[in-house]
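Work through the exercises below with the model open. Each task is followed by a stepwise solution.

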Amino acid sequence: MSFTSPRQPDENCGLCPRLAGFRAANRLILPDGHNAPVPSFGPLDAPLLILGLAPGLHGANFTGRPFTGDWAGDMLFPALLRFGFAKGVYGERADDGLQTSECRISNAVRCVPPQNKPVPMEIAACRDFLVEEIAAMKNLRAILCLGRIAHDSAIRTLGEKLKSNAFAHGAAHRISARGLTLYDSYHCSRYNTNTGVLTTEMFDAVFARIKADFAAG
């Protein structure tokens with residue numbers, strides 16, 4: 001089966017003026033960083049899409065790979081390695097050689113937002129890229145949404161109603177029209193892990209359920 005790569009925003013994407021301005025400022029402050037929309041990472045033929053919120057300023061915005069170089073990646077990538085969704089060693093760099101297996105990683109918003117808080121217009125502006133991402137993943141069986149914003153954007157992308165698919169950690173929503181399941185987890189951010197909102201055991205339980213559901217067919 002052939003897979004057509006979905007459209008990605010170009011490095012000077014101007015869809016969101018506030019984010020474009022922030023990106024330009026960061027190119028002066030962090031001249032060695034990526035400082036551009038962060039492309040998705042992982043094979044298009046994967047059955048699982050992991051969807052986060054947006055690149056972190058000193059994480060993906062700097063390294064150019066989703067969840068790489070920040071606290072969230074320190075929790076996500078070890079989980080992927082434990083459950084066989086990645087192979088190699090996570091070295092907090094885009095050139096560490098780590099590869100995902102059976103999963104692809106992206107964000108609801110591709111550019112870093114000020115204070116890690118995208119506004120609704122920016123989330124909506126980036127949704128066309130998510131539409132193409134999902135359409136290009138012909139073997140897609142599941143989407144893992146990390147946080148409410150990722151959940152809400154995915155539900156809207158899939159043409160479903162938020163009222164009928166409320167975000168809740170550990171929840172699974174069957175999207176019959178698309179033949180896939182949407183899973184929810186609290187975002188693996190420093191704040192959530194430091195405050196105990198999300199523990200390693202809670203995070204692992206979500207991945208364990210996905211693996212079990214995949215095995216069951």
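**Exercise 1. A buried arginine**

Task: Decide whether Arg65 is buried or exposed, then find its polar partner.

Solution.
Step 1. Take the accessibility. Arg65 has a relative accessibility of 3%, so it counts as buried. The model is a predicted one.
Step 2. Place the residue. Arg65 sits in the loop between helix H2 (60–63) and H3.
Step 3. Look for a polar partner. The side chain of Arg65 makes a polar contact with the side chain of Asp96, at 2.9 Å.
Step 4. List the surroundings. Leaving aside neighbours within four places in sequence, Arg65 is in contact with Val38, Phe41, Ala60, Phe77, Tyr90, Arg93, Ala94, Asp96 and Leu98.

**Exercise 2. An arginine in a strand**

Task: Which side chain does Arg104 pair with in a polar contact?

Solution.
Step 1. Locate Arg104: its place is in strand S4.
Step 2. Check burial. The relative accessible area of Arg104 is 7%, under the 20% limit, so the residue is buried.
Step 3. Read off the contact. The side chains of Arg104 and Glu133 are joined by a polar contact of 2.3 Å.

**Exercise 3. The nonpolar cores**

Task: Describe the largest nonpolar core, and state which element gives the largest share of it.

Solution.
Step 1. Start with the core itself. The largest nonpolar core has 28 residues. Those with the most contacts inside it are Ile50, Leu80 and Phe207.
Step 2. Assign the core to elements. Two or more residues come from each of strand S1 (48–52), helix H3 (71–82), strand S4 (103–107), strand S5 (142–146) and helix H8 (200–216).
Step 3. Find the largest share. H3 gives it, with 6 residues.
Step 4. Examine Leu80. Not counting residues up to four places away in sequence, Leu80 touches Ile50, Phe85, Ala86, Cys103, Ile105 and Phe207.
Step 5. Add the other core. A second, separate core has 18 residues, including Ala46, Ile134, Ala136 and Ile175.

**Exercise 4. Cysteines**

Task: How many disulfides does the structure hold? Test Cys13 and Cys188 one by one.

Solution.
Step 1. Recall the bond. A disulfide is a covalent bond between the sulfur atoms of two cysteines. Here, sulfur atoms must lie within 2.5 Å to count.
Step 2. Give the total: the structure holds 0 disulfides.
Step 3. Test Cys13. The nearest cysteine sulfur is that of Cys111, 6.0 Å away, and Cys13 is in no disulfide. Cys13 is buried, at 14% relative accessibility.
Step 4. Test Cys188. The nearest cysteine sulfur belongs to Cys103, 12 Å away, and Cys188 is in no disulfide. Cys188 is buried too, with a relative accessible area of 0%.

**Exercise 5. Cavity and pocket**

Task: How many cavities of 30 Å³ or more are there? Then describe the lining of the largest cavity and of the largest pocket.

Solution.
Step 1. Count the cavities. A search of the whole structure finds 1 of 30 Å³ or more.
Step 2. Give the volume. The largest cavity has about 90 Å³.
Step 3. Read the cavity lining. It has 14 residues, and the closest to the centre are Cys13, Leu15, Cys16, Cys111 and Cys126. Helix H1 (17–29) and helix H4 (120–125) are the elements that give two or more residues. The largest share, 3 residues, comes from H1.
Step 4. Turn to the pocket. The largest pocket holds about 630 Å³ of space.
Step 5. Read the pocket lining. Of its 28 residues, Leu53, Asn116, His187, Ser189 and Arg190 are the closest to the centre. H3, helix H6 (148–157) and helix H7 (190–194) each supply at least two residues. H7 gives the most, with 3 residues.

**Exercise 6. Positive phi**

Task: Where do Asn35 and Glu92 lie, and is each buried, partly exposed or exposed?

Solution.
Step 1. Set the background. Most residues other than glycine have a negative phi.
Step 2. Take Asn35. Its phi is positive, near 50°. Asn35 lies in the loop between H1 and S1. Its relative accessible area is 2%, so Asn35 is buried.
Step 3. Take Glu92. Its phi is positive as well, about 65°. Glu92 lies in the loop between strand S2 (86–87) and strand S3 (99–100). At 41% relative accessibility, Glu92 is partly exposed.

Technical notes
Residues numbered from 1 in each chain as written. Predicted model: local features only at pLDDT ≥ 70, side-chain atom pairs only at ≥ 80, totals over all residues. Heavy atoms only, no water. Core = buried A, V, L, I, M, F, W, Y, C linked by side-chain atoms within 4.5 Å. Buried < 20%, exposed > 50% of the residue type's maximum accessible area, 1.4 Å probe, protein only. Helix = DSSP H or I, 4+ residues; strand = E, 2+ residues; numbered from the N terminus. Contact = heavy atoms within 4.5 Å. Polar contact = N/O pair within 3.5 Å; in protein donor to acceptor, adjacent residues only side chain to side chain. 1 Å grid on protein atoms, 1.4 Å probe; cavity = no way out; pocket = protein on both sides within 12 Å on 5 of 7 lines; lining within 4 Å. Points joined across faces, edges and corners; volume = space filled by probe spheres on them.
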